[in-house]
Every structure is written in C-alpha cells, then in structure tokens.
Amino acid sequence: MKSAKLINGKIQIINTEKPVLDIKGAIIKVLGSGLCGSDLVKIKHATPETENKIVLGHEVVGIIEEINVNSSFKKGDIVALGHHYPCFDCEYCKNGSYSMCQTFKKSNIYPAGFSEYIRVNENHLKYTVYKMNDELKNDEKAFLEPLSCCLRAIRRAGFDYNQDNSKFNSLVIGLGSIGLLMLKGLKAFNVQAFGFDISDKRTKLALEHGFNFDENKKYDTVFLTAGSSKAIDTALKYVINGGKIIVFSSVEDDLKGFLNNEIYYRELSVIASYSPSPEDIKLSSELLNKKIVKVHNLSTHYKLDNLAQAVDDSLNNKIFKAYIEV
Ligand SMILES: [Zn+2]
Ligand SMILES: [Zn+2]
C-alpha cells in the first residue's frame, strides 16, 4: 500500500506493507486525512535523526475494513478519529492533564494517517473513534480531531458546554483554519467570539463566517492560534486585567516570552492547551454530526501523491486547509 514518509527531508509516497490485525483493534481503509499545522511543524523541523519517527497525518476519516473486538463498530462503518488516548490512571490524568500522560504520548495510529490503511487498537476504538453523520462530506468528517483540540482549549479556559457562557467574550488571534475552528467552537459554547488576524484575506473569511473584530473592546479570554510570538503583544493589549490568555500553538521564535510583571500586576492567567482528551473528541463528534459546528467548503483537496504540493501550498499560505484524498 501507499504511505507518506519523510526521507532526507522530502515527503515521499512509498510502497509499504499493509498493516495486519495482529492486536485487538481494527484496520481502517483511509478515505482521507486533513493536513494539520502540527504536520507542517514536524516536517519543517525534522532532522535526519527524527524524520524516521514522524507520523504524517492524523486527522483521519476512513471505513472500518476489519475489526476483532466487540464494540458498537462494525465492518463498513465510516469513522473519524483522534490518534492519542490517555491511561486515566496516572498523576497527570488524575489532574486532567491528559496530554501529558505517557500512554497518551506513546499511543498512535499505525503507520500514519497519510496511508491507504491504518491500524488502530482497542483503546482507540473505545476513546477516539467515532461514527460520522453520512450527510457530512469526508473532508468535513476529518475535522473531528482538530475541532476536539479547540474544544479542549475552550474548556481549559473555563467554559462548560452545558452552562450559559453568553456574558463572556473571547478574542482569537490568528485566523487560519484552527483559529476559525476555535471561533466556531466558542460560538457553539455560546461565548461571544471575535477574531483578529494581520492578514486581510483571513480577516475577510472570518467575517464571512460571522466573526468580526472590535478594536475598542477588551476581552475576558484571548486564544493564541497564530504561531507567531508577535501575537503575544496583541494578546496583552486586548485582554482585560484579570483575564486569561490561552496558548494554543508553538511559535518559531520562542525567545520573547510573557512579561512577568505585566502578568503579575494585571493578574493575568496564562493557560496552555495541547491536544484533546477523549471527552473533547466525543463532544467534537456531537457538534459536527449535529451540524452545530459547520465546516463545509473550508478544505482544498489533494491526492496522496500530491501531498508535497499540499504541504508547500499550506506553508506558503496559498490555501486555508488541505485535505488529502487517499
Ligand atoms: Zn491535528
Ligand atoms: Zn495517564
């Protein structure tokens, strides 16, 4: 089968063995995978030592082809999935820091989302795999994992889906696909959501989705989805005293940090959110399947053989979000 691999710093589509079901789990025939910002970061920062370990693609949608555990899934089900699950038992898990759990970090799909087939284990089936509404297009189903990452950040900001959050306002800085998804997630939580980006094109797209920016406002919570340290100044400018800044992305230049005294005297909370918990994936499946969060027409489609082109176009900001048809 075909599978994407980083070899000598270049994306190659290699021919490799189809995974076999020699553990408890399922074989999934991949229909497609979204290209994540974290895939781009991994590709950009790969070294000859690390590139062999890189799993390319994890925002998978596919058909269950083979399954050997008793579960609600059966052969032929169209599913989307997340790639990590926690142990629920370690100190990190007990503390709610699921993404710091060793089991979480080690768990993954095999061999990679940009492959014709993947193998998942029984814990994936239990915690990260969801049947998706037939009415959704495959690229929409593939938003299960990225939306769940956003929902995790929204929850870590202190918002509860079952509560009335309408008196709160949030600003998302950086309106790429994840920023727009964050805005849509906040809207689903009934938070007043505003978005800022230095790019007119992205600002305009957010506006088309109903999200604007009010520069005269201060915001209770600011989400950093820009991947640029310059966004920190913008966050400090627009967050209220006593407010929260949610760090959601890595930055290229990590030297410029938050100012100790500004955080102290303004009593700001800086909270990070990295990857989703099973609970977030579950909520994500509900919001997508019930079309509470709509993600149609956001993705540009590429064939697996053209993955390198999709990566280039994403890195050069030519497209908003790439979906790789397998
Ligand atoms: Zn992702
Ligand atoms: Zn754990």
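**A tour from Gly210 outward**

Begin by selecting Gly210, which sits just after helix H8 and takes a positive phi of about 95°; keep in mind throughout that this is a predicted model.

From there, step back to helix H8 itself, residues 200-208, and pick out Arg202, Leu205 and Ala206, which are its buried residues. If you turn the view to look down the axis of H8, these buried residues fall within an arc of 100°, so they line one face of the helix. Now rotate to the other side of H8, where Asp200, Lys204 and Glu208 are exposed. To see what covers the buried residues of H8, show helix H7 (177-188) and strand S9 (192-196), which are among the elements that do so.

Next, select helix H6, residues 144-156, together with helix H11, residues 278-289, which pack at an angle of about 115° with their axes 8 Å apart. The crossing of these two helices, H6 and H11, is right-handed. On the H6 side the contact is made by Leu144, Leu147, Ser148, Leu151, Arg152 and Arg155, while H11 contributes Asp280, Ile281, Leu283, Ser284, Ser285, Leu287 and Leu288. Sorted by class, this contact of H6 with H11 has seven nonpolar, three polar and three charged residues.

Finally, zoom out and colour the protein chain by its division into domain 1 (2-142 + 296-325) and domain 2 (154-272). The C-alpha centres of domain 1 and domain 2 lie 27 Å apart, and five residues of domain 1 are in contact with five residues of domain 2. On the side of domain 1 that touches domain 2, the residues divide into three nonpolar, one polar and one charged.

Conventions
Residues are numbered from 1 along each chain as its sequence is written. Chains are lettered from A and ligands numbered from 1 in the order in which they are written. This is a predicted model: local features need pLDDT of at least 70, side-chain atom pairs count only at pLDDT 80 or more; totals for chains, interfaces and linings use all residues. Axes are lines fitted to C-alpha atoms, for helices over the stretch in contact, and angles run from 0 to 180 degrees between N-to-C directions. Helices (H or I, at least four residues) and strands (E, at least two) are DSSP runs, numbered from the N terminus. A crossing is left-handed if the near helix is turned anticlockwise from the far one by less than a right angle, and right-handed if clockwise. Two residues are in contact if their C-beta atoms, placed from the backbone, lie within 7 Å. Ala, Val, Leu, Ile, Met, Phe, Trp, Tyr, Cys and Pro count as nonpolar, Asp, Glu, Lys and Arg as charged, and the others, Gly among them, as polar. A residue is buried if 20 or more other C-beta atoms lie within 10 Å of its own, exposed if 12 or fewer, and partly exposed in between; C-beta atoms are placed from the backbone. The arc is that of the directions from the helix axis to the C-beta atoms. Domain bounds come from an automatic or database domain assignment.
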